[in-house]
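Biologist: I'm new to reading protein models, and I'd love a close look at a single part. Could you pick a stretch, show me what surrounds it, and then help me find my way back to the whole?

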Amino acid sequence: MEKSEALLQIKKMSAERATDTPFECALYTRDLAPVPALLVDPLFRTMPDLVVRPAETGEVSAILKLASAGGIPVTPRAGASTVYFNTVPARGGIVLDLNLLRGVVELDEEKLTVTVGAATTWGELEHYLNARGLAPQSVPSSAPSASIGGWFAMMGYGIGSLKYGSLLSQVQVAEVVLPDGEIRDLTPDSDPSLDWFAASEGTLGIVTRLKIAIRRHHPMRHFLLHSPDLGEIAGVLAAVKDAGVKPYNLHFTDEACAQAMHRQGIAPDGVSGGCLLAIDYEGTPEELTAAGQTVDNLVAGSRTVSFLSPEAALEEWNERYKSLKLKRSGPSELGGESWLPVRSLTSYLTDIQQLARNLRLDLCTYGHVVSPERAIVMTMFFADETKVFDYIIGLSLVKKIHDVAYRHGGYPYGVGLWNTPYLSRIFTGSRLAELRDRKKRLDPAGVLNPGKLYKWPLMLNPLFFTIGMECLVRVGSLRRGGGR
Amino acid sequence: MMAMDDQKLLAELERETLVCGRCGNCRSACPVYRAVGWESASPRGKISLAKEIFTKGRRNFLTGDYVRRVAQCTLCGACARDCATGIDTRSLWLELRRRLSRSGQEPKAYDSIRDNLLARKNVSTFDNEDRLEWAQDLDEEPEHLDRQEGADVCYFVGCVSAFFPQAAQIPLAVSQLLMKAGVDFTTLGGEEWCCGFPLLSTGFVDDAREFARHNVAMVKELGIHTLIASCASCYHVWKHDYQEDLAGYDLEILHTSEYLARLIREGRLKPQPLEEVVTYHDPCDLGRNGGVFEAPREIIGSIPGVSFVELEHNRAESLCCGGGGNLQSVDPELSAEIARFRVEEIAATGATVVVSACQQCEQILGAAVRKAGRPIRVLDVSELLLESVE
């Protein structure tokens, strides 16, 4: 089938839920990251030919059948709350705006499971469950906007993962539309297996519905610790992480970040520096008491760690979905988010501060411990996207941050388009080959979200990318007056 | 905004569009996005386009489609509540509308609203001298209803209550309650001009300022020191946007729910039993944008026999009724669709009465309840209280 004919049929089928007007389509050419057009436009065709908002799974299936027949790229999108162009077309085609596939389909309070439309946001689900004395086991820090299917399509680690594991471990069944339009209910034992689709970034199929495990909504207890000594606060973090009562949430903030918060007037209890460690527990009264004793003992046994006020601890928890609040000091932010071994946190932060001194730049770091071994760590700096040249030079510094993470066993969290130059850091050769085999098996025509995850585009191949970034770093260094 | 420095806002809009992180928290909260579904209807979409137009100077993005989207907003403030970067989006929407109006690109419906207001000083087609027509339905008209100098309380009735028969029950109830409590109260009568909110929200800020000056001058002339408003938007404007004109003048501004709750606490009103299952819809301008959550609940809670049930989204989380921001004037179907969402939630409570504290909410929800065929009465909190003290 001709591409134009397929597009026409899809447009006719989805009627008022399809549009090809430039006014609407233009807003689907971006995600959170404001990448300058002069970098994007020569390399990719981000403008979709058509945006469609399917109302049910059958419609998704029909669209994929036609798209496959016409060889039209399809990019799924819901919250679009990522920064790597995961949900932005690289080759035009169709954007499937899945936001109509939302809402709770079934709640089983006895078995503690809920079945939801994939575009239901975590915020919606949390609100729905909390009103019934229940809660999601874990949520992303972008819960108000991130969809459940979207987080599954990413790596699915965030708030609550330390205690309850990744989202993949909580999903029992996922309804998925494969690239040829076939609708399947996938489980850990099906072929293909459910786990193929976790972190597949919408490249293997479109998740339309999920059944996930939930938990009882227990009381919580919040602590916020402060110390001028990175080593000591890291020691408390490690001890709390491995203690008998698992924290629900473990979030740290480095000195540069605390200083930036102070400058913006949003630092807890008015602290002007030092490191922060937020520890949040949920559980029975007995568990909360035991948790409190654990934290009390650790603080009592330290030289410099102190408690901030309970009000500040609660406020920190209440603000957990507003990690962008520091952006006000920018107005733009650039940074690198890494999947870092927890044991390397101190050495990573020490090297980041050395990098900051070399670059004469404030590098602010914060993150969540999401498993006994790993933390998701964001190191960011302020920028101004209206100063395009400086902003592009700033983009080159993101690689420097990733390089530091790599030296400490870390790699970018999520791939999308912009992290494809780091594929060899993110995956072993055999793992990448396995992923490419899956793609070839399920989507041989490369219809779903092409250009992402498996292979770098020509201009982003690691060699060109490294040379280009290094040149920009040096130009930036010269502009700053000689810092390394 | 009348109380804000114009130049400051002009500069701030450009910066705020850059501060927006496009995270989409606002989109999840937005009733308009929920009803329309396109990214261009989401707050982050509108801010993205504002960045292109005003910050990057790409005027080709300023199209009729964009103007329509800017007008498709109830100013409910849910986006501001959830904004991860702390943008005062409500002010930003007002500033966008002001820019459209200043450049002559506002929707035609905005011009009609302005022309009518400038001509009549109210949002209806009636002469402003008829502002107290509603009082003819009182069994006994209060002695000093029209511009009584030195009255203890001035009741700012609001255009909708004064001129639209379906909302007239509100001033009738408020007046009867004040009389029962023995309150010495008056109104501005034919000298009450629209509070100016419809002008503010259509971007005609300078005109709104004139209305504010007039109303403040009238209050000062009568020597009024306590003003109550039953319209949530009037209350919000008096409380927040009139402050520059009120500087140095001692005026207590209360919503009628706050004042009536006070009268109950003082024992001047004594609610009697009512057998009803009641829920409460927080008006955006009174609750989320005005910070008044407890007074209406205190009134409902003071009525013996009432079984009160909260809506799933309440207080600062309340869902808009669809009637704010002049949306009803520019897109009545969209306004009705937003109201439909709210009525579904109201019906799910099993309440026999939904109470609000805003004439616009009452009107919008009343129409939506009738359209849905739900056996639910829609009342202002003053009407419910009156039922219990009669």
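Modeller: Here is a close look at a strand and its partners, followed by a walk outward through both chains.

First, some ground rules. This is a predicted model, in which local features need pLDDT of at least 70 and side-chain atom pairs count only at pLDDT 80 or more, while totals for chains, interfaces and linings use all residues. Residues are numbered from 1 along each chain as its sequence is written, chains are lettered from A and ligands numbered from 1 in the order in which they are written.

Let's zoom in on strand 8 of chain A, which spans residues 171–177. Helices (H or I, at least four residues) and strands (E, at least two) are DSSP runs, numbered from the N terminus. Five of the seven residues of strand 8 are buried, so the rest of the structure largely encloses this strand. "Buried" stands for 20 or more other C-beta atoms within 10 Å of a residue's own (12 or fewer is exposed, in between is partly exposed), with C-beta atoms placed from the backbone.

Strand 8 of chain A has partners to meet. Two strands pair if DSSP finds at least two bridges between them. With strand 10 of chain A, strand 8 of chain A shares six bridges in the antiparallel sense. With strand 9 of chain A (residues 183–186), strand 8 of chain A has four bridges, and these two also run antiparallel. Strands 8 and 9 of chain A form a hairpin with five residues between them. Look in that turn for A:Gly181, whose phi is positive, at about 95°.

Now put your finger on A:Ala174. Its bridge partner in strand 9 of chain A is A:Leu186, and in strand 10 of chain A it stands opposite A:Leu210.

Let's follow that bridge across to A:Leu210, which belongs to strand 10 of chain A (residues 206–216). A:Leu210 has 26 C-beta neighbours inside 10 Å, and therefore counts as buried. Setting aside residues up to four places away in sequence, A:Leu210 touches A:Val116, A:Ala118, A:Ile148, A:Gly149, A:Phe152, A:Val171 and A:Ala174. (A contact is two C-beta atoms, placed from the backbone, lying within 7 Å.) A:Gly149 shows nicely how folding brings residues together: it is 61 residues from A:Leu210 in sequence, yet their C-alpha atoms are 7.4 Å apart in space.

Further along chain A, you will find an open, antiparallel sheet of eight strands in the order 14-11-13-12-16-17-15-18. Its edges are strand 14 (306–307) and strand 18 (411–412) of chain A; each has a single partner strand, so one side of each is left without a neighbour in the sheet. Within this sheet's order, strand 16 sits beside strand 17. Six antiparallel bridges join strand 16 of chain A (residues 364–369) to strand 17 of chain A, and one pairing to look up is A:Tyr366 with its bridge partner A:Met378 in strand 17.

Stepping back, chain A has 16 helices and 18 strands. Its C-alpha atoms fill a box of roughly 70 × 65 × 40 Å along the principal axes, and 52% of its 484 residues count as buried. Among chain A contacts between residues at least 6 apart in sequence, 72% join residues at least 24 apart.

Chain A has company, too: 27 of its residues are in contact with 23 residues of chain B.

In chain B you can find 20 helices and eight strands. The C-alpha atoms of chain B fill a box of roughly 60 × 50 × 35 Å along the principal axes, and buried residues make up 57% of its 390 residues. Of the chain B contacts with a separation of 6 or more, 80% are between residues 24 or more positions apart.

Chain B also has an open sheet, made of four strands in the order 2-1-3-4 with parallel pairing. Strand 2 (185–186) and strand 4 (252–255) of chain B are at the edges with a single partner strand each, so one side of each has no neighbour in the sheet. Strand 3 of chain B (residues 226–229) is joined to strand 4 of chain B by four bridges, running parallel, and B:Thr226 stands opposite B:Glu252 in strand 4.

For a last stop, try B:Leu365. Leaving aside neighbours within four places in sequence, its contacts include B:His281, B:Cys321, B:Ala339 and B:Val378.
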